[in-house]
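Colleague: I would like to learn how to read a protein model with some care, starting from its secondary structure. Could we go through it feature by feature?

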Amino acid sequence: ELAKAIAYRDAEVPFQLYNHPEVDEITHKWADPKYMERRFGSGRYRCESSNPGGDANYGPNHFMYTSGRSAPGWTSPIENVDLRWADWTARARTVGLNTSAEDRSAQRFYFRFSAMSSRDSRTKWVFDELPFFHPSRGKSVFLKDPQGQRGIHCRFGMSGMIAEAHWDGSRNMIGQFYGRRRYILVDPAQGCCDMYLLPKDHPSGRHSEVDWSKP
């Protein structure tokens with residue numbers, strides 16, 4: 001089965017990998033709210049807040065990435081806020097219990113945490129927790145090109161959230177450690193021409209301007 005996964009990876013075809021001991025260990029550790037609170041501590045981290053009044057935002061559960069650059073007549077569909085981990089989890093519980101994906105009255109927050117280097121003392125713990133993503137491991141089923149590894153990007157979303165359709169310029173290996181998430185993938189032959197991607201120099205470049213919930 002591992003050989004099959006590597007063949008899919010080398011062909012750049014989507015596949016799902018199950019029953020990996022190191023990954024399973026993390027799913028148990030990260031499911032403990034107290035453990036995660038100890039890891040993140042009391043520091044504040046940049047989160048994204050949905051901005052229903054922004055352009056190309058199709059509701060408070062939609063998140064359209066922006067580079068932070070400005071453009072004439074363009075209002076960002078998200079806002080950046082600084083939250084403690086405990087603050088975010090409290091808001092996530094409230095949204096999860098009391099709202100549906102269609103509820104347009106509840107603002108959502110997307111907790112993001114990136115570890116770009118294992119030498120950074122503030123983020124080294126992420127590489128320690130997820131050694132299978134560490135480039136020092138060399139080529140593996142998780143990393144086809146260890147030298148091309150661009151960091152570990154942790155994303156914690158609230159119930160019903162949608163990240164707008166986009167195109168990434170690098171390979172993605174996604175670890176789903178908690179909860180559930182649905183991915184909609186586009187055939188590469190159709191990706192550039194039929195997705196209505198915003199221009200490269202746009203604040204939300206390489207993202208689709210179409211609401212895929214209501215195409």
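Modeller: We begin with a definition: helices (H or I, at least four residues) and strands (E, at least two) are DSSP runs, numbered from the N terminus. This is a predicted model, in which local features need pLDDT of at least 70 and side-chain atom pairs count only at pLDDT 80 or more, while totals for chains, interfaces and linings use all residues. Residues are numbered from 1 along each chain as its sequence is written, and side-chain values use heavy atoms, with hydrogens and water left out.

Colleague: How many helices and strands are there in the protein chain, and what pattern does the chain follow along the sequence?

Modeller: The protein chain holds six helices and six strands, and their succession along the sequence reads α-α-α-β-β-β-α-β-α-β-β-α.

Colleague: How should I read the radius of gyration of the protein chain?

Modeller: The radius of gyration is taken over C-alpha atoms, and the globule rule is 2.2 Å times the number of residues to the power 0.38. For 215 residues this rule puts a compact globule near 17 Å, and the protein chain, with 18 Å, agrees. Along the principal axes, the C-alpha atoms fill a box of roughly 45 × 45 × 30 Å. Contact means heavy atoms within 4.5 Å; among contacts between residues at least 6 apart in sequence, 68% join residues at least 24 apart.

Colleague: In what order do the four strands of the open sheet stand?

Modeller: Strands of a sheet pair through backbone hydrogen bonds, either parallel or antiparallel. Two strands count as paired if DSSP finds at least two bridges between them. Here the order is β3-β1-β4-β5, and the pairing is antiparallel. Because β3 (78-84) and β5 (152-156) stand at the edges with a single partner strand each, one side of each is left without a neighbour in the sheet. Neighbouring strands of this sheet are turned by 30 degrees against each other on average, direction ignored, where axes are lines fitted to C-alpha atoms, for helices over the stretch in contact, and angles run from 0 to 180 degrees between N-to-C directions.

Colleague: Which bridges does β1 make with β3, and which with β4?

Modeller: β1 (residues 44-50) pairs with β3 over seven bridges in the antiparallel sense, and with β4 over three bridges, also antiparallel. Cys47 has Val81 as its bridge partner in β3 and Phe111 as its bridge partner in β4, while Glu48 is bridged to Asn80 in β3.

Colleague: Is β1 largely enclosed or open?

Modeller: Buried means under 20% relative accessible area, exposed over 50%, and partly exposed in between (1.4 Å probe, protein chains only). Five of the seven residues of β1 are buried, so this strand is largely enclosed by the rest of the structure. Over the whole protein chain of 215 residues, 33% count as buried.

Colleague: Which residues have the most contacts inside the largest nonpolar core?

Modeller: In soluble globular proteins, nonpolar side chains tend to be buried together. A nonpolar core is a set of buried Ala, Val, Leu, Ile, Met, Phe, Trp, Tyr and Cys residues joined through side-chain atoms within 4.5 Å. The largest one has 36 residues, and those with the most contacts inside it are Trp30, Phe40, Trp88, Phe111, Leu130 and Phe156. Several elements each supply at least two residues, among them α2 (21-30), α4 (85-98) and β4 (109-115), and β4 gives the most, with five. Leaving aside neighbours within four places in sequence, the contacts of Phe111 include Phe40, Tyr45, Trp88 and Phe156. Phe109 lies in β4 and is buried at 7% relative accessibility; with the same neighbours left aside, its contacts include Glu48, Phe63, Val81 and Met161.

Colleague: Is Asn61 buried or exposed, and what does its side chain reach?

Modeller: Asn61, found in the loop between β1 and β2 (62-63), counts as buried at 6% relative accessibility. Its side chain reaches the backbone oxygen of Gly160 at 3.0 Å.

Colleague: Where do Tyr196 and Arg206 lie, and what is phi of each?

Modeller: Tyr196 lies in the segment after α6 (188-191), has phi near 55 degrees, a positive value in a residue other than glycine, and is exposed at 56% relative accessible area. Arg206 also lies in the segment after α6; its phi is near 65 degrees, again positive in a residue other than glycine, and it is partly exposed at 32%.

Notes. Polar contact = N/O pair within 3.5 Å; in protein donor to acceptor, adjacent residues only side chain to side chain.
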